[in-house]
Structure formats: structure tokens, C-alpha cells
Amino acid sequence: DHERALDRDCTTLSRHVLEQLNSFGGDAQDLSALMNRIALAGKLISRRLCRAGLMADTLGFTGETNVQGESVKRMDLYANQVFISAFKQSGLVCRLASEEMEHPYYIPENCPIGRYTLLYDPIDGSSNVDINLNVGSIFSIRQQEGIDETGEALDLLQPGRKQLAAGYILYGPSTLLVYSIGKGVHAFILDPSLGEFVLFAEDITIPTHGPVYSVNEGNFWQWEESYRDYIRYVHRHEGYTGRYSGALVGDIHRILFQGGVFLYPGTTKDPLGKLRLLYESAPLAFLMEQAGGRASTGTQDIMDVVPEKLHARTPLVIGSKDNVALVESFIGERA
Ligand code: AHG
Ligand code: MN
Ligand code: MN
Ligand code: MN
């Protein structure tokens with residue numbers, strides 16, 4: 001009925017965060033305002049993505065190479081700047097660290113101690129941008145723990161358990177924001193006619209076992225034998241289905257709802273794998289644990305890994321508890 005529909009349309013992201021935090025105490029206002037800025041960034045990126053092909057200088061490469069050694073997409077840079085602009089005026093975040101910036105970006109006027117640090121992957125899966133397939137943004141919020149003059153963000157080199165909040169935005173047929181502030185996982189859908197993220201699902205839990213395995217089998221012969229043994233197992237057993245989009249956020253979102261496991265193992269070329277700990281694996285691990293799933297390096301919980309540097313990489317095995325345990329059992333056998 002109308003009232004229920006109206007009430008749902010009014011369950012916006014900022015109201016939802018406040019409701020959560022009021023029962024939770026803490027800095028409800030701050031985190032609610034912070035999530036609102038994340039939502040603003042999501043709207044700005046979504047708006048550009050859905051017209052990218054029609055706008056000059058929006059698709060394609062900048063010609064630059066980033067600190068990861070990757071060719072930078074124009075959309076990577078635009079989205080990186082969107083988060084900086086959204087948080088400059090927020091008064092909440094005094095430092096941003098991103099896949100696309102070698103060093104953190106400081107906002108000195110926001111920098112009394114006790115403010116927040118935002119770590120983010122502005123466009124995840126940017127190889128999908130020019131072919132109009134899903135991409136995402138990933139974000140992680142930590143408490144500013146002190147001013148580090150080195151600019152190396154040494155106080156950021158903490159395990160994922162120190163995260164206050166984390167989530168992602170999936171730019172797909174609809175633009176969907178999934179977040180947790182440590183009290184369950186909740187999803188919102190952008191209603192462009194309202195310009196609001198409206199509640200879609202609350203307290204999302206991942207099935208303890210699922211059919212999906214998501215991995216780039218092109219790397220099969222670059223892995224340790226134990227990962228090859230695991231893939232041979234799923235090839236031989238009924239009930240598994242391979243799904244891999246080349247964009248982590250989309251692959252994880254499928255697994256969050258249908259159950260299964262995503263893997264990015266180390267390779268002979270990159271023994272620590274490709275995915276970055278602080279703004280890809282750790283925020284997704286936070287979400288997965290909140291949804292009743294798991295995230296592992298193959299031998300250790302992602303949330304316990306202490307990074308040596310800002311752009312540290314780790315192997316990633318993430319998803320349903322049973323599926324992750326099965327992968328680990330193959331690694332255990334060979335260890
Ligand atoms: P990003 O676009 O932020 O650099 O991340 C790309 C990542 C991740 O999204 C995806 O799962 C993975 O790269 C795909 O890597 P491969 O092409 O090596 O499979
Ligand atoms: Mn990249
Ligand atoms: Mn990424
Ligand atoms: Mn990226």
C-alpha cells in the first residue's frame with residue numbers, strides 16, 4: 001500500500017545508519033554523514049558511467065601508469081577525484097588512501113586527531129568500463145590513529161579487524177550500495193528519480209555452502225599445485241558452476257547472494273596474487289564475516305593480516321564458510 005511504499009522510499013541510507021548506530025551508541029552522526037558522502041560519490045560515478053560512451057574523454061586510457069604498474073583508465077582517475085572532492089567538504093575525513101594514489105591524500109583542515117581515514121578502490125574492475133560490463137567501488141573506514149608525518153601512512157598498516165565500516169558500490173543494471181558498520185550487512189538501490197539510495201535488503205547472510213566458484217582459470221599453471229587440485233575436484237563433482245566477470249565487486253556480490261567462493265591465488269609471477277589488502281580484500285573480508293562468510297589468504301584470515309606497506313597484496317579465498325574451508329583443506333594437505 002502507499003504508506004508502506006512511502007515508508008520504504010524514506011528508508012534512505014543516512015536514516016538507516018542512524019537507526020543502527022543509535023542502538024549502537026558511538027559517533028552515529030559522523031558515520032551517518034560519512035556514509036552519505038560515500039553515497040554522493042556513488043551517484044556521481046554512476047551518473048558518468050551510464051553516459052560514458054556518449055561523452056568525450058570518458059572511456060579509454062589516460063596513458064599514465066599507476067603505482068600498481070597498471071595502465072590507468074580515465075574513469076579510474078575521475079572516480080578517484082570524486083571521492084576526494086566529496087570528502088573535502090565533509091569535515092569528517094582527514095586522509096584518503098586509494099589504489100590510484102602512491103601516497104595518501106591529506107585534508108589538513110579536517111585533521112584533529114580522532115577523525116576518520118577512508119581507503120578506497122575508486123573503480124574496481126576497470127577493464128570492464130569500455131565494454132559496458134559491471135564495475136564497482138570498494139571502501140573501508142578506519143579511525144585516524146595519529147598524525148604520521150612520514151606520509152607513508154604507517155599507522156594505517158593495521159589488520160582488517162581495526163576497520164570501523166566497509167562496503168562497496170556495484171554499478172550494474174541498477175546501482176547498488178552494500179555496507180556494514182559491524183552490525184550486519186545491508187543493501188540499498190539507487191533510485192535515480194529520487195537521487196536516493198533506498199533500502200533493498202537488511203541483514204544479508206551468505207549461504208554456508210554454494211555452487212559458484214569464481215577464479216581466472218587462465219592462471220591455472222601459475223598456481224601452487226594445491227589450487228590445481230581444488231579446481232580438479234570441482235571439475236569432477238556435480239553442483240558447481242564457474243562464474244568470473246573480471247570485476248571483483250560483481251563476482252563477490254553474486255557469491256554473497258548465491259553462495260560459493262571467489263579465489264585469486266598467488267601465481268609464479270606474483271606470489272602474493274594481484275588483489276590489494278587495504279582497499280580490496282580487507283573491506284570485503286569485513287563484509288563477508290558480517291554476513292556469516294569467511295575470507296582467507298589460504299592459510300590465514302584476511303582480517304588478521306598486517307600489511308607491510310600501503311599497497312600490499314595478498315592471495316584471496318573468500319565466500320561461504322564451507323566453500324572456503326574446502327579450498328583451505330587442499331592447501332593444508334600440501335603444506
Ligand atoms: P582494479 O580494476 O581495481 O585494478 O581491480 C581489478 C581486479 C579485480 O576487480 C578482479 O577480480 C581482478 O582484478 C581480475 O584480475 P585478472 O584479470 O587477472 O583475472
Ligand atoms: Mn586497477
Ligand atoms: Mn580493484
Ligand atoms: Mn581499481
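## Exercises around the ligands

In this predicted model, 5.4 Å separate two manganese ions, ligand 2 and ligand 3. Let's work through the surroundings of ligand 2 and ligand 1.

**Exercise 1.** Find which protein donors hold the manganese ion (ligand 2), and place them along the chain.

*Solution.* Start at the ion: E70 and E99 each offer an OE atom, at 2.0 to 2.1 Å. Next, trace both residues in the chain. E70 sits in the loop between β1 (61-65) and β2 (71-73), while E99 belongs to the loop between β3 (93-98) and β4 (105-106). The pair is 29 residues apart and so links distant parts of the chain.

**Exercise 2.** Decide whether E70 and E99 are buried, partly exposed or exposed.

*Solution.* Buried means under 20% relative accessible area. E99 has 4%, so E99 is buried. E70 has 21%, so E70 is partly exposed.

**Exercise 3.** Work out which polar contacts reach the oxygen atoms of ligand 1, and how much of ligand 1 the protein buries.

*Solution.* Begin with the side chains: a polar atom of E70 lies 3.3 Å from a ligand oxygen, and one of E280 lies 3.4 Å from a ligand oxygen. Then turn to the backbone, where a polar atom of L248 is 2.9 Å from an oxygen of ligand 1. Taken alone, ligand 1 exposes 470 Å², and the protein buries 87% of that.

**Exercise 4.** Describe the shell around ligand 1 by residue class and by strand.

*Solution.* Sort the residues by class: seven are nonpolar, four polar and seven charged. Now look at the strands: β5 (116-124) and β13 (260-264) each supply at least two residues, and β5 gives the largest share, three residues. Finally, pick out the nearest of the 18 residues: D124, G125, S126, Y244 and Y264.

Conventions. Residues numbered from 1 in each chain as written. Chains lettered and ligands numbered in written order. Predicted model: local features only at pLDDT ≥ 70, side-chain atom pairs only at ≥ 80, totals over all residues. Heavy atoms only, no water. Near = heavy atom within 4 Å. Polar contact = N/O pair within 3.5 Å; in protein donor to acceptor, adjacent residues only side chain to side chain. Areas by Shrake-Rupley, 256 points an atom, 1.4 Å probe, with all protein chains shown as cover. Helix = DSSP H or I, 4+ residues; strand = E, 2+ residues; numbered from the N terminus. Nonpolar A, V, L, I, M, F, W, Y, C, P; charged D, E, K, R; others polar. Donors = N, O, S within 2.8 Å, 3.2 Å for Na, K, Ca; no water. Buried < 20%, exposed > 50% of the residue type's maximum accessible area, 1.4 Å probe, protein only.
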